[in-house]
Amino acid sequence: METDELLKKRFRELARKCYQNNQYTFTGFLSLADLACFYEMEKELSYVSYKVWGGSEFCERAMVRFGKVEELGYEEEFPIACIKVKPLAAKFADALTHRDFLGALMNLGIERNTLGDIWLKENIGYIFCLEGMADFMIENLTKIKHTSVKGNRTKEMPGLPELDRQEVRIQISSERADGVLAKVYKLSRSEAVELFRQKKVFAGGRLCENNSQLLKKGDIISARGYGKFEYLGQQNISKKGKINASVMCYGKVIS
């Protein structure tokens, strides 16, 4: 796809600039599909180090930073801010959703690659964004739907587990990715396989097209349109030879 080629060209430019100018370079926020495109280029870009970060270890949308302190001789943090947005009058506020927050931001003309994840807890939004957009957002994001809101920078954002985390026990025949995915999201095996075919499943941020891949304890799986979970591994074997396992399901975020 042309968009993939343009994205790869941008990755090459940033990696080359980092290497030649001895400076850190950053992408904007990338979706899971964009990150999968980046991981396809790991060997090509192996001459320069990189780190992926979205503001929290639980973020799906993330930036790539080319360069590291051992090579460049200095450290530079990711230019990521977190904005806490809450209703001015909680009692009279609409019940706000993730899409309400995203829609209000898009209406301000803010580009999607300047925004990371959006977390929601008790009608309060936590928006990860590029540092350069933070002041504009605080000044101009004053209403979501019919609710007047106020935003401020925050460093005390809730961890995603505090927002929504639930351990779920499942019984599976094997640790194949499609079987685990089907159990977690209550899909048929064919529906789970179709998600792989449609390139909607990611393991550790990388596109996963092998639906028969065996999961290991600690693997983090994301399925676009469904959510994200961490495979916690086997607990025991049932009398009928089934695997009793558990997963940690995380709250949905906009991607």
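Colleague: How far is the sulfur of C82 from the closest cysteine sulfur?

Modeller: This is a predicted model, in which local features need pLDDT of at least 70, side-chain atom pairs count only at pLDDT 80 or more, and totals for chains, interfaces and linings use all residues. Residues are numbered from 1 along each chain as its sequence is written, and side-chain values use heavy atoms, with hydrogens and water left out. The closest cysteine sulfur to that of C82 belongs to C129 and is too far for a bond, since a disulfide is a pair of cysteine sulfur atoms within 2.5 Å. The separation is 7.9 Å.

Colleague: How many disulfides does the structure hold?

Modeller: The sulfur of C208 is also too far for a bond, because its closest cysteine sulfur, in C249, is 17 Å away. The number of disulfides in the structure is zero.

Colleague: Is C208 buried or exposed?

Modeller: The classes rest on relative accessible area: buried means under 20%, exposed over 50%, and partly exposed in between (1.4 Å probe, protein chains only). C82 has a relative accessibility of 5% and counts as buried. With a relative accessible area of 6%, C208 is buried.

Colleague: Which element gives the largest share of the largest nonpolar core?

Modeller: A nonpolar core is a set of buried Ala, Val, Leu, Ile, Met, Phe, Trp, Tyr and Cys residues joined through side-chain atoms within 4.5 Å. The largest one has 24 residues, and V180, L181, V184, F229 and V247 have the most contacts inside it. Elements giving two or more residues to this core include β9, α8, β13 and β14, where helices (H or I, at least four residues) and strands (E, at least two) are DSSP runs numbered from the N terminus. The largest share, five residues, comes from α7.

Colleague: How many of the residues of α7 are buried?

Modeller: The buried residues are A177, D178, G179, V180, L181, A182 and V184. They pack against β9, α8, β10, β12, β13 and β14. Helix α7 is thus mostly covered, the buried count among its eight residues being seven.

Colleague: At what angle do α7 and α8 pack?

Modeller: Two packed helices are described by the angle between their axes and the distance between the axes. Axes are lines fitted to C-alpha atoms, for helices over the stretch in contact, and angles run from 0 to 180 degrees between N-to-C directions. The axes of α7 (residues 177–184) and α8 (residues 189–197) are 8 Å apart, and the packing angle is about 115 degrees.

Colleague: Which residues in α8 meet α7?

Modeller: Contact means heavy atoms within 4.5 Å. On the α7 side, the participants are A177, D178, G179, L181 and A182. In α8, the residues that meet them are R189, A192, V193, L195 and F196.

Colleague: What phi does K186 take?

Modeller: K186 comes just after α7. Its phi is positive, at about 55 degrees.

Colleague: Is R206 buried or partly exposed?

Modeller: R206 lies in strand β11 (residues 206–207). Leaving aside neighbours within four places in sequence, R206 is in contact with Y39, E42, Y50 and V201. One of these, Y39, is among the buried residues of α2. R206 itself has a relative accessible area of 33% and is therefore partly exposed.
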